[in-house]
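Colleague: I'd like a close look at one part of this model, the surroundings of the ligand. Please start with the overall picture and then walk me there in whatever order makes sense to you.

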Amino acid sequence: MVMRAIDRKVLRDLWHLRGQVLAIGMVVAAGIAALIMSLSTLEALDETTAAYYERYRFGDVFAWVKRAPESVEQRIAAVPGVRTVQARVSRFATVDIEGFAEPVMGQFVSVPAERQPVLNQLVLRSGRLPGEGAEDEVILNEPFAEAHNLASGEQIVAVINGHRRELRIVGTALSPEFVYALGPGALMPDDRRFGILWMSHESLAAAYDLKGAFNSVSLGLERGANTAQVLQQLDRILEPYGGVGAIAREDQLSNWFVMNEMEQLRTMSMILPTIFLVISAFLTNMVLGRLVATERGQIGLMKAFGYSSSEVGLHYAKFVIGIVFVGSVIGIVAGTWLGRMNTQMYADLFRFPILLYRPSTTAIAIAVSVSLASALLGSVGAVRRAARLPPAQAMNPPAPTVFHRMRAWNTRAARWLDQGSRIIVRNILRSPTRSTMTMLGVAAAVGLLVLAMQWNDSLNYLGQSYFFHAQHQDATIGLAEPQSDTIVRDFEHLPGVLAVEPMRIVSADLSVGPVTHRGSLTGLKSDAWLQPIFDDATARVVPVPPDGLVLGTVLADKLGVSIGDRVWLEILEGRRPEVALPVVGLVETYIAMPAFINIDALNRMLKERPSAEYVNLLIDSRHEAEFYARLKELPMVSAVMLRQAAIDSFYNTIVEHIMVFITLFSSLACALGFGVAYNSARIALSERGRELATLRVLGFSRGEISYILLGETGLLITIALPFGCLLGRGLSELMAASFNTELFRIPLKIEPSTYGLAVIIALAATLISALIVRHRLDHLDIVEVLKTRE
Amino acid sequence: MITTLTARDLTKIYRTGEVEVHALRGANLDLYEGELVVILGPSGSGKSTLLNIIGGLDTPTSGSVRFRDHQLTGADESELTRFRRDHVGFVFQFYNLIPSLTAEENVALVTEIAKRPLDPAKALGIVGLDKRLHHFPAQLSGGEQQRVAIARAIAKQPEILLCDEPTGALDSETGILVLEAIDQVNRELGTTTAVITHNTVIGSMADRVLHVADGVIASIEENAVRRAAAELAW
Ligand SMILES: Nc1ncnc2c1ncn2[C@@H]1O[C@H](COP(=O)(O)OP(=O)(O)O)[C@@H](O)[C@H]1O
Ligand SMILES: [Mg+2]
């Protein structure tokens, strides 16, 4: 079939205007790519996690006991809803690695010899499972092995139950249970100082005097099982054996962190791309409106031949669909690719052994239809306006606007403005809508840039606040059991220790009415200064009150309490006391949802003599080596957290990952900014071609007419920049307000340099487009422009 | 004589801001079937306005236009569109070709929506452009472009052909070529034709010459003999 002439015109016009088509396409593509990238990453990670958990049988329920005989397993299996039971031994112990000065903690977990456990199976990355009767065979989790360059066949030493044992590495593995391998009390994974070590059940049980018994259990539930009821019954069964409260998968440490990370991603994936898509849609709408408006003459002509308004409308709809199609293809390809990159990065962070990725069809559908709809709306308006005119009028260039003789212009201002500048100012004033649109476009692009780039500032600020203002200790030592606070003196005597501060953290349920939060209670000395209560809102240390609770505002909001209200506390350790305590202070924190209490009050509540489970230390760096050497010999040490390591880990994992995401968004914002700037200049050129050619005929030089055209765009953009910065601030506020997970909040912090960079990028985009347009202006064929109507 | 088109008491007032321009002040006009009329008058006298109104490109402020037995005054947008599509062909001073379409496609643009169109190639043949079918407007001279515009206007076999200063942008030699094409169409196809010009010489190729002055038809002149376009010179 031969293509109709009017359709051929669509294709030819698209080709003829390819520069602009591509530029608008980029604006469209930026919005589409942002959404596809985000939603695809999110969906892929959701699916990958689910598949990983499913394939390697991640447990549904976890519980710990002091010691339960194997017979209890039968009773647990009999609980309705329970499908599989995996009883095992799990303990923390120090590990000594040759050539690594600092102490390393290991979590030892038992697995059956020579076969996979029924739940929480290992993803063997190298080597094999521990053999039957081989008492010294161990499998390391892969990141830990890699951090220390350990491979199968090598030896490590661990202090198991007080005995130094030489262990032989027979393999490396990953596990759905330890996607996030966190040491006791640690906030960030640190693969150099914490590892998971799997050994055969037999040998580990023997080492910890747990033969015929277990101290950890994981359950697989039947589909549709009532988890709450299972937890309750499990708690009842385990209570006599020293159970410390069973948890569901959602509260399992690794999974909780993974889910939290996903939640952050979800928030970012919803808000940023939505803002992007809305702005890109708005800009597409505006740019296409203007582009079609320049087609006024051709619209009149087609109507003169007898094409109806709706036929003309359809014609431009096809044109617009063509542009959106180009944009969509770029957007889908870019979004899919960026999404894969982003997903791969997260999968590497989590070390998922599998990766399921496909572009989100939902995202594609939403993004393309939003872009298309806004583009069509923008052009329909312009076609309607042109088609409503009698064709005789539409075919003529728009009647010269009646320039109101603004007195101010003729008298004062005009005197100090040269002819060109006066033309610029008059042009801006005579088409306020168009001028506003150009400014809005630039402002939107700058706003997006600020929004994307302020993350760096916010995260840096968060890191500064958390690691440098709120903490001053060099190391935090976790103890295997609560120790009498005379331990402080023992630590004071270690070489290089300048100050010691005891701390106690107990897990607890905090509830008010029906709302319960399972978290922890941090006990601090009233004169704590190494790790005090720090209010991020005021950047001040808050004194530890003698009695009552100081809550993080997020926790207080969750519980719905304010100062003076009482919170019901159930301590999940020791004698498990239950008390109601008043809230005596609130502090804002960016990380976690802390609850603070005076350590003495906590110990009194627990009916224990003054004791501590953690000590914060200030260490003289000159004696570090000696200090570590002595620390390794201390039997009660269960965890060592170095502030520097935590800082490194914060910047290397969280910040780095968010920054990749943000860099992607910044580049999309740049693409968008460039698209807007280029189109504004190009459309101005076609709207004003005749006028400029006339000026050339009248003797204006190329430089002068460039000044008139580009000066107009330049002036508008200059006015728009501050508004863009303001918009960026507003969008960032919106983002910060919605980015609010239990794990952390984002402070709103925008450095002046960020505004500066956004402005520079916008100016650069404008300058590049201006140069391209300038090139066209220089080749403006005066006679041609004056002669032809189009 | 059969009247193809009748216009009575046409007035047209343009308003731009506070300025009012009376472009037509009660013009009366008849176009008879098959005739060639030349509309003469100084610039700004209202010729284009008159032509646009009788061609359905614009609406008068008052007065009536009748095409055969259709009343055009008061017709709605879609009726005017139908009228232009089915009955009128236009030729403008600045050719107004679609730059992104070839000569043949520019013609096809119109024939594709016409009721009994000529083949675009044949229409271009009539104006002597059978060798230029696949050229884009930018690749054609002004006279050739205008002849494409004429081919485009006649290809739908309109009842009325309206030409607004078709030679205005052309030198005399090329202008004559264009007028020859118009003359030929009028004679061979019998299309009722009105040609606007401010060039009095062109008047002698018409059956009748209408003189427009200050928004009215000031006088009508009938030529006993129509001179061939080729004989004209200015
Ligand atoms: N769209 C318009 N707006 C305002 N005035 C117009 C418009 N079109 C024509 N005029 C004015 O109407 C008068 C007649 O114009 P026109 O019919 O184009 O004259 P002609 O074709 O005889 O040169 C002129 O004074 C012209 O300035
Ligand atoms: Mg005229």
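Modeller: Let me fix one word before we start: a residue is buried when its relative accessible area is under 20%, exposed when that value is over 50%, and partly exposed in between. By that rule, 57% of the 790 residues of chain A are buried. Keep in mind that this is a predicted model.

A bit more on chain A for context. The C-alpha trace spans about 100 × 65 × 55 Å along its principal axes, and the chain has 22 helices and 22 strands. Contacts reach well along the sequence: of those between residues at least 6 apart, 82% join residues at least 24 apart. Chain A exposes about 32,900 Å², with carbon and sulfur atoms supplying 57% of that area.

Now the ligand, which takes us to chain B. Which residues surround ligand 1? The shell holds B:Tyr14, B:Val21 and B:Ala23, and then B:Pro42, B:Ser43, B:Gly44, B:Ser45, B:Gly46, B:Lys47, B:Ser48 and B:Thr49. By type, the shell splits into four nonpolar residues, six polar ones and one charged one. The charged one is B:Lys47, because Lys is among the residue types that count as charged.

Next, look at the oxygen atoms of ligand 1. A backbone N or O atom of B:Ser45 sits 3.2 Å from one of the ligand's oxygens. For B:Lys47 it is again a polar backbone atom, 2.9 Å from an oxygen atom of ligand 1. B:Ser48 uses its side chain instead, with an N or O atom there lying 2.7 Å from a ligand oxygen. As for cover, ligand 1 on its own would expose 560 Å², and the protein buries 68% of that. Two elements of chain B give two or more residues each to the shell: strand 2 (19–32) and helix 1 (47–54). Helix 1 of chain B provides the largest share, three residues.

While you're in chain B, have a look at strand 3, residues 36–40. Five of its five residues are buried. How are they shared between its two faces? B:Leu36, B:Val38 and B:Leu40 are on one side, B:Val37 and B:Ile39 on the other, and both faces are covered. That fits a general pattern: in a regular strand, side chains alternate between the two faces of the sheet. Strand 3 of chain B pairs in parallel with strand 8 (residues 192–197) over five bridges, and B:Val37 stands opposite B:Ala194 in strand 8 of chain B. Strand 3 of chain B is also joined to strand 9 (residues 208–213) by four bridges, again running parallel; here B:Val38 stands opposite B:Val209.

For a contrast in strand direction, go back to chain A. There you'll find an open sheet of four strands in the order 2-10-1-11, with antiparallel pairing. Its edges are strand 2 (82–88) and strand 11 (247–248) of chain A, each of which pairs on one side only. Strand 11 of chain A meets strand 1 (residues 61–69) over two antiparallel bridges, and A:Phe62 has A:Ile247 as its bridge partner.

Two single residues in chain A are also worth a click. A:Glu137, in strand 6 (residues 137–141) of chain A, counts as buried because its relative accessible area is 5%. Its side chain makes a 2.7 Å polar contact with that of A:Arg128 and a 3.2 Å one with that of A:Arg168. Beyond its neighbours within four places in sequence, A:Glu137 has contacts that include A:Val170, A:Trp198 and A:Met199.

The other is A:Ile332, in helix 9 (residues 309–350) of chain A. A:Ile332 is called partly exposed because its relative accessible area is 24%. Outside the neighbours within four places in sequence, A:Ile332 touches A:Ile32, A:Ile36, A:Ile364 and A:Val368. Its C-alpha atom is 26 Å from that of A:Ser732, 400 residues away along the chain.

Definitions and conventions: Residues are numbered from 1 along each chain as its sequence is written. Chains are lettered from A and ligands numbered from 1 in the order in which they are written. This is a predicted model: local features need pLDDT of at least 70, side-chain atom pairs count only at pLDDT 80 or more; totals for chains, interfaces and linings use all residues. Side-chain values use heavy atoms; hydrogens and water are left out. A residue is near a molecule or strand if one of its heavy atoms lies within 4 Å of it. A polar contact is a pair of N or O atoms within 3.5 Å; within protein, one must be able to donate a hydrogen and the other to accept it, and residues adjacent in sequence count only if both atoms are side-chain atoms. Accessible areas come from the Shrake-Rupley method with a 1.4 Å probe; for residues, only the protein chains shown count as cover. Buried means under 20% relative accessible area, exposed over 50%, partly exposed in between (1.4 Å probe, protein chains only). Contact means heavy atoms within 4.5 Å. Two strands pair if DSSP finds at least two bridges between them.
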